[in-house]
Amino acid sequence: MTDRPASSRRTRRTRYAARGLAVVLAASGLAACGGGDDGIPVVNLYGGAAAAGFDKIIADCNAQADGAYRIVGNLLPSDADGQREQLVRRLAAKDDGLDLIGMDVVWTAEFAEAGWVREITGAAKEAAEEGTLEPTIATAEWKDKLYGIPKHTNVQLLWYRKSLVPTPPTTWDEMIDMAKQLKADGKPYEIGFTGSQYEGYVVGFNTILSSYGGTLVNDESTQATVDGKTVDALALIKKFATSGVASASLSNSQEPEVFAQMQQGRAAFILNWPYVLSAMRDAGSGDPKSQEVYDDLGYAPYPSVVEGETPKVTLGGMNYGISTYSKHPRETLDAAMCLRTPEHQLQTALEAGDPPVAEAVYTEPEFTEAYPQGQDMLTELQVASSRPISPLYQNISTIVSTTLSPPAQIQPEQTARQLKSSIQDALEGKGILP
Amino acid sequence: MTTQTLPPGDAEVEPEGVRIARQRHSDGQKAERRLGLLLCAPAVFIMLAVTAYPIVYAFWLSLNRADLRTPDANEFIGLDNYVTVLSSPIWWTAFGVTMFLTVLGAAFELVLGMVLAIVMHRTIIGRGLVRTSALVPYAIVTVVAAFSWRFAWTQDLGWLAGDNAPLTGMWSSLWIILLAEVWKTVPFMALLLMAGLALVPEDLLKAASMDGASTWQRFWKITIPLMKPAILVALLFRTLDAFRVFDNIFVLTSGANNTSSVSMIGYNNLIGGLNLGIGSTISVLIFLSIAIIAFIFIKLFGAAAPGEGEKR
Amino acid sequence: MSTAVETPRRKLAWSGANLIVLVYAFIPVLWIVSLSLKDTGTLNDGKFWPSSPTRDSYSQIFNNPDFLRALVNSIGICAIATVCALVFGTMAAYAIARLEFPGKRLIVGVSLLIAMFPQIALVTPLFKIETAIGIFDTWLGLIIPYITFALPLAIYTLSAFFREIPWELEKAAKMDGATPFQAFRRVITPLAMPGVFTTAILVFIACWNDFLFALSLTSTSRSRTVPAALSYFQGATTFEVPTGPIAAAAVVITVPIVIFVLFFQRRIVAGLTSGAVKG
């Protein structure tokens with residue numbers, strides 16, 4: 001350990017540095033071509049490429065393209081915030097390495113306003129909208145122009161234990177009363193709701209607010225529209241959170257915790273996405289207790305806030321955007337259309353659990369077999385609501401989830417006032433985000 | 001520290017020798033300067049090449065209204081961003097949380113780290129096993145460790161929570177965050193302190209022991225003073241990191257119940273809100289807070305700080 | 001304490017202390033191991049041990065080419081970055097601890113300032129620089145920032161240790177005709193080993209666990225490291241978190257670190273030998 005290591009380290013380092021440099025040069029040379037080595041334009045897909053079985057769909061489209069383009073699926077982090085962070089960084093730097101972007105439905109306005117994605121017009125617009133559920137198209141629009149091609153969607157449902165609840169509740173009040181009764185009877189009674197300080201809480205709040213007919217911002221995203229309906233929605237969440245039928249972990253519950261509430265037999269009701277059915281089936285295959293819950297699992301439309309009125313459930317899902325900086329917009333558009341044909345939507349629904357946006361798929365026998373809850377989903381989807389459409393959605397969402405946390409400490413009037421001023425500040429670019 | 005080895009009185013006895021020595025000394029000084037700069041050059045070059053522009057740019061952005069989504073409205077606004085942040089209760093709540101975690105965290109980690117370091121250094125059996133396993137917590141990827149804590153503390157899912165939901169209250173959450181932080185980083189402290197312990201000459205301890213010094217006295221009078229530089233480095237770097245606590249809070253509570261740290265606020269504004277102006281301002285303020293803490297530490301430790309007061 | 005005779009009682013006492021350390025280190029780790037062995041049915045059962053352990057999570061990650069590639073990237077990138085940071089850091093720390101030259105305190109100060117700045121604010125400008133010069137999504141593009149952010153810690157740790165070393169030895173070597181550089185290599189380097197290997201372990205782990213740069217400065221599996229790859233793991237559907245595979249991956253990627261530490265901890269010797277102290 002005297003003189004050898006220092007010098008041999010040296011040479012090794014130079015060698016590595018040289019090799020690193022060679023890799024860099026080779027890579028930049030490749031990238032400069034903008035195409036594969038065979039001259040076929042490459043469509044780089046970011047978003048949704050890692051979903052189960054999606055590689056088969058990509059391969060299928062590449063075969064169909066027959067040399068017109070080649071889709072390459074690139075990975076993004078599995079959480080939406082991580083995805084947005086990467087995409088925004090690269091789009092803001094006008095990176096031409098992204099062609100087709102799987103956008104979460106809440107990013108449309110932001111990406112469109114920043115000029116990162118192209119408007120979809122003409123024949124492409126018609127093709128994208130044909131047979132597509134109307135509310136899902138709305139998530140891809142900003143200022144009456146279409147910026148995304150709906151790819152898949154999602155809505156939450158009410159999941160309940162059939163043995164405990166003979167007829168599922170249709171309103172929140174009814175559900176809370178039923179849960180209280182079950183609690184009094186010493187039976188599993190909890191209502192699972194995603195009340196943690198994160199996006200999922202905003203989804204739940206938005207559903208309740210929309211069902212009251214309220215909104216958070218106007219169409220142009222210039223004014224906060226917090227009003228009496230917001231107060232009603234806040235009062236309902238407060239009532240639920242303090243009624244004794246929510247989980248003690250409500251303010252720390254995300255989808256996995258809510259799922260576990262049902263799986264462990266503590267909950268009589270949970271509000272969660274359609275994946276619950278397949279996930280509970282999987283869990284049941286190795287665990288008798290979960291199997292019991294699975295056998296007893298019922299589903300129904302999301303409860304409403306007013307008797308007799310259809311609830312407006314918040315949409316999830318993804319739209320395809322075409323990067324402004326793409327060198328092959330034509331091919332990218334074709335690729336997007338191929339990836340979201342009704343057949344491929346069905347395949348995605350079956351393998352990855354992402355519900356289709358094409359209405360026709362909901363009547364396919366294969367779909368109805370895998371999704372017995374499909375009709376309830378369709379009912380919700382036809383009148384579903386969007387989260388606030390605004391280029392500043394991320395700020396609004398952060399403000400909502402923070403201001404409303406924890407759910408039990410909401411003071412409806414006061415919280416609404418706070419919400420209004422914080423959102424207005426955000427829209428005007430003032431203040432700091434919590 | 002090592003000056004005592006020069007035989008006193010040498011200089012007076014041999015004036016001739018002094019002159020020659022001085023001559024050599026001045027030549028040597030030049031060579032020494034050159035060598036010093038040469039040895040530092042690669043490190044300084046790479047550090048500046050990577051960070052100079054980003055840091056200066058962040059300072060500049062903090063003086064501007066700079067929102068990625070409204071580039072047209074961007075303009076120089078002086079210290080307005082600082083006024084906005086410093087007048088916001090959000091910043092001060094997060095600052096309080098961060099200070100709580102930093103001060104308590106560093107204190108616990110220093111004490112536990114020292115205990116662990118002594119065990120790792122002194123144990124007479126299974127030293128390799130103990131040293132290696134003690135470092136495992138530090139080696140686990142923070143986000144995964146945080147997830148496992150979250151799981152363990154969630155009502156009914158985790159073995160630690162039982163029937164309670166401790167992650168839904170501010171103080172219980174903060175203690176859990178603190179536990180996760182301390183568990184993870186005590187090994188960092190311990191490793192640095194152990195290397196410091198390795199520098200304490202056995203002879204000195206043995207001699208003191210023969211002079212009748214108790215274990216406790218030897219620890220305070222010999223070990224601790226000799227370890228001062230190691231303690232400073234461990235404490236300094238640990239505090240820098242502790243003040244920027246992010247991962248554990250992000251995973252454990254996502255900042256609910258007023259458990260946001262300053263770094264989380266910075267992240268929300270910079271990456272989430274794409275408000276580069278406010279986000280950079282928060283970053284600069286974090287930087288200044290840490291600089292003040294570091295300055296206090298270095299003053300407290302005085303000559304034990306690197307580059308300060310040492311002589312051959 | 002130091003004049004230890006290995007009596008059975010002392011052995012017992014140390015066994016007790018060791019046991020406490022092992023419990024501290026391993027209980028939470030065992031919980032992660034247990035999560036990695038649970039199946040989807042029992043994942044949420046709240047029990048510490050898996051009731052029906054399964055290797056599914058492990059076979060899943062070992063059949064994931066992206067994960068294996070990330071493992072290779074992590075090992076390569078972190079090894080190179082650690083070696084470079086150590087070489088540069090040792091040189092600078094030696095100069096700072098031993099030599100008088102102008103700008104020394106400035107260098108010490110600046111390197112600390114770099115360590116203090118929130119990295120999150122540096123990511124986007126760094127991304128821009130790297131795309132401009134074409135090292136985005138390459139090994140080099142990660143190695144360089146890793147060296148940079150490891151250097152302050154390396155310089156501080158090493159210079160703190162260098163100044164505690166008995167420099168009379170170096171003087172003796174110089175009197176024997178060695179140049180300052182030879183004195184540094186032959187005499188001081190071996191004495192500095194505890195500091196050097198401590199630093200090596202810390203730098204390697206910091207690099208191994210970095211998430212921010214790994215996520216922001218890569219875009220394909222060509223250079224993506226393990227912590228970033230973990231965040232790319234997909235659940236069966238969008239809202240399911242792949243807890244099992246993530247836990248399994250965390251366990252797997254801890255193994256190289258354990259080997260690394262096992263190898264290097266021997267070099268952090270207990271105290272300097274008495275011969276070395278006498279100048």
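Which helix of chain C holds C:A150? The place of C:A150 is helix 6, residues 139–162 of chain C, and we will come back to that residue below.

## Before you start

This is a predicted model, in which local features need pLDDT of at least 70 and side-chain atom pairs count only at pLDDT 80 or more, while totals for chains, interfaces and linings use all residues. Residues are numbered from 1 along each chain as its sequence is written, with chains lettered from A and ligands numbered from 1 in the order in which they are written.

## Chain A

Let's begin with the overall build. Chain A has 18 helices and eleven strands (helices are DSSP runs of H or I with at least four residues, strands are runs of E with at least two, and both are numbered from the N terminus). Its C-alpha atoms fill a box of roughly 75 × 60 × 50 Å along the principal axes. The radius of gyration of chain A is 24 Å, which agrees with the value near 22 Å for a compact globule of 434 residues (the radius is taken over C-alpha atoms, and the globule rule is 2.2 Å times the number of residues to the power 0.38). Of the 434 residues, 54% count as buried (20 or more other C-beta atoms within 10 Å of a residue's own, against 12 or fewer for exposed and partly exposed in between, with C-beta atoms placed from the backbone). Of the contacts in chain A with a separation of 6 or more, 75% join residues 24 or more positions apart (a contact means C-beta atoms, placed from the backbone, within 7 Å).

Chain A is divided into domain 1 (34–153 + 317–371) and domain 2 (157–313 + 387–427), with bounds from an automatic or database domain assignment. Their C-alpha centres are separated by 29 Å. Where they touch, domain 1 of chain A gives ten residues and domain 2 of chain A gives eleven. Helix 4 of chain A supplies the largest share of the domain 1 side, four residues. That side divides into six nonpolar, two polar and two charged residues (Ala, Val, Leu, Ile, Met, Phe, Trp, Tyr, Cys and Pro count as nonpolar, Asp, Glu, Lys and Arg as charged, and the others, Gly among them, as polar).

## Where chain A meets chain B

This contact takes 29 residues from chain A and 30 residues from chain B. On the chain A side, helix 3 (80–92), helix 4 (108–113), helix 10 (255–263) and helix 17 (393–403) each supply at least two residues. By class, the chain A side has eleven nonpolar, 13 polar and five charged residues.

## Where chain B meets chain C

Here 93 residues of chain B and 100 residues of chain C take part. Helix 2 (residues 15–61) of chain B gives the most to the chain B side, with 19 residues. The chain B side divides into 61 nonpolar, 21 polar and eleven charged residues.

One helix pair deserves a look in your viewer. The axes of helix 7 (residues 142–153) of chain B and helix 1 (residues 8–37) of chain C come within 10 Å and cross at roughly 85 degrees. That makes the two helices roughly perpendicular (65 to 115 degrees; under 35 is roughly parallel, over 145 roughly antiparallel and the rest oblique). Axes are lines fitted to C-alpha atoms, for helices over the stretch in contact, and angles run from 0 to 180 degrees between N-to-C directions. B:V144, B:A145, B:S148, B:F151 and B:A152 meet C:P28, C:W31, C:I32 and C:L35. The residues of this helix contact are eight nonpolar, one polar and no charged.

## Chain C and C:A150

Chain C has 13 helices and zero strands, and its C-alpha trace spans about 70 × 65 × 30 Å along the principal axes. Of its 279 residues, 57% count as buried. The domain assignment gives domain 1 (1–54) and domain 2 (63–277), whose C-alpha centres lie 29 Å apart. Each of these domains of chain C brings six residues to their contact.

Back to C:A150: is this residue buried or exposed? C:A150 is buried, because 27 other C-beta atoms lie within 10 Å. Leaving out residues up to four places away in sequence, C:A150 touches C:A81, C:A85, C:V203, C:A206 and C:C207. The C-alpha atoms of C:A150 and C:G89 are separated by 8.7 Å, although the two residues are 61 apart along the chain.

Methods. Contact = placed C-beta atoms within 7 Å.
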